[in-house]
Amino acid sequence: MSTLEIKDLHVTVDTEDGAKEILKGVTLTIGDGETHAIMGPNGSGKSTLAYSIAGHPKYTVTGGTVTLDGEDVLSMSVDERARAGLFLAMQYPVEVPGVSVSNFLRTAKTAIDGESPKLRTWVKDVNATLEKLNLDPTFAQRSVNEGFSGGEKKRHEIAQLELLNPKVAVLDETDSGLDIDALKIVSEGVNRFREQEGKGVLLITHYTRILRYIEPDFVHVFVDGRIAEQGGPELADQLEAEGYDKYVSAVR
Ligand code: ADP
Ligand code: MG
Ligand code: MG
C-alpha cells in the first residue's frame, strides 16, 4: 500500500523580509499505484510543495496535514520520511564532494533498510542500474553531483530511485536540462519503478514534454500556491496547446 495524502497544506518560507506564504491550501491524494503530474508556471510553488514534503528546514508548515499510509509525515525527521518510504528528487541536487556515488547509494540504502546490503548482490544491482541508465561503471567512483552534467544529475537521481525502491517518489523537474535521449532513459527508469505493484509518483514539471513518456493518471495545474484545475492526461495536452495564461489571469 502507498497512499500519500496532502490536506489543506499551508506553507511559508523564510525570506529576508520575514515569512511569506507560498502554499495556500493544497489538497491532493496520490492513491495506491497512481501517478500524478503537477504542472504550473515558474514561481507557483511547485518546488515548495516538494521541499515541504521532504522536510526542508527553510519551509514552515503553518496548516494542514501530510500522511503516508495514515502516518503523519510532518512530524517525521528527514531520515524517518525516507525510511517510511518517501523518495524526493530535488530540482537542484546538492554536490557532496569527497563522497562517491557508490558510497552515497550504499549509505542511503543502509539507512533506509536498517542494515547494509549484501556486498556482492549490491555491487551487481548498482552496476545493472547504472547500465540501464546508460551510465559508465566508473560513474560509481565519482563524487556525488560534482561536475555532473544536467543529464548525469537526473540519471543519478533515477539510479537512487531504482535502488532505494521507495513507496512514493516525488520528482521535481526531473526533465529539466535533459536532451531527448536522456529524457527517454530517465522516463524509462521512472516507468520501471511505477510498473511495480502499488508505487505512487508525484511528477512535478513545467513542460508537458516528459508526460509523453510518463503518462500520468491525473494532472493538476498549480497556480499561486493552489491547485487551479485538475483532470486526466488530456489536461496536459490542453496546457501544451493553450499554456497557463487562462489560469494565471484568473488569480490576478
Ligand atoms: P516553482 O517550483 O513552481 O517554480 P517555487 O516553489 O520554487 O516555485 O517558488 C514559489 C515562490 O516562493 C516564488 O515566488 C519564490 O521566489 C518563493 N520562494 C521559494 N523558496 C524560497 C526561498 N527559499 N526563499 C525565498 N523565496 C522563496
Ligand atoms: Mg486553507
Ligand atoms: Mg521549482
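Proline 166 is buried, because 22 other C-beta atoms lie within 10 Å, and 20 or more is the mark for that class. The model is a predicted one. Proline 166 sits in the loop between α5 and β9, the strand of residues 168-172. What does proline 166 touch, leaving aside residues up to four places away in sequence? The partners are Gly85, Leu86 and Phe87. Serine 52 is another reference point. Proline 166 and serine 52 are 114 residues apart in sequence. Their C-alpha atoms are 18 Å apart in space.

Step back from proline 166 to helix α5. This helix covers residues 150-164. Its axis comes within 10 Å of the axis of helix α3, residues 101-113. The two axes cross at roughly 35°. Is the crossing of α3 and α5 left-handed or right-handed? It is right-handed. On the α3 side, the contact is made by Val101, Leu105, Ala108, Lys109 and Ile112. On the α5 side, His156, Gln160, Leu163 and Leu164 take part. Sorted by character, the residues of this contact are 6 nonpolar, 2 polar and 1 charged.

Now turn to ligand 1. Which residues surround it? The shell contains Val13, Thr15 and Ile22. It also includes Gly40, Asn42, Gly43, Ser44 and Gly45. Lys46, Ser47, Thr48 and Lys58 complete the list. Two elements give two or more residues each to this shell: strand β1, residues 4-15, and helix α1, residues 46-54. The largest share comes from α1, with 3 residues. By character, the shell divides into 2 nonpolar, 8 polar and 2 charged residues.

One member of that shell is glycine 43. It lies in the loop between β3, residues 35-39, and α1. Is glycine 43 buried or exposed? Glycine 43 counts as exposed, because it has 12 C-beta neighbours inside 10 Å, and exposed means 12 or fewer. Glycine 43 can also be placed against glycine 200. The two are 157 residues apart along the chain. Their C-alpha atoms are separated by 25 Å.

Strand β1 brings up a backbone detail. Aspartate 8 lies in this strand. Its phi is near 45°, a positive value in a residue other than glycine. Aspartate 8 is exposed, because 12 other C-beta atoms lie within 10 Å of its own. Aspartate 69 also has a positive phi, near 50°, and is likewise a residue other than glycine. Where does aspartate 69 sit? Its place is in the loop between β4, residues 59-68, and β5, residues 71-72. Aspartate 69 has 15 C-beta neighbours inside 10 Å, so it counts as partly exposed.

Finally, take the protein as a whole. How many helices and strands does it have? There are 8 helices and 12 strands. Of the 252 residues, 37% count as buried. The C-alpha atoms fill a box of roughly 55 × 40 × 40 Å along the principal axes. The radius of gyration is 18 Å. That agrees with a compact globule, because one of 252 residues would have a value near 18 Å. Contacts also reach along the chain. Among those between residues at least 6 apart in sequence, 72% join residues at least 24 apart.

Note on methods:
Residues are numbered from 1 along each chain as its sequence is written. Chains are lettered from A and ligands numbered from 1 in the order in which they are written. This is a predicted model: local features need pLDDT of at least 70, side-chain atom pairs count only at pLDDT 80 or more; totals for chains, interfaces and linings use all residues. Axes are lines fitted to C-alpha atoms, for helices over the stretch in contact, and angles run from 0 to 180 degrees between N-to-C directions. Helices (H or I, at least four residues) and strands (E, at least two) are DSSP runs, numbered from the N terminus. A crossing is left-handed if the near helix is turned anticlockwise from the far one by less than a right angle, and right-handed if clockwise. Two residues are in contact if their C-beta atoms, placed from the backbone, lie within 7 Å. Ala, Val, Leu, Ile, Met, Phe, Trp, Tyr, Cys and Pro count as nonpolar, Asp, Glu, Lys and Arg as charged, and the others, Gly among them, as polar. A residue is near a molecule or strand if its C-beta atom, placed from the backbone, lies within 6 Å of it. The radius of gyration is taken over C-alpha atoms; the globule rule is 2.2 Å times the number of residues to the power 0.38.
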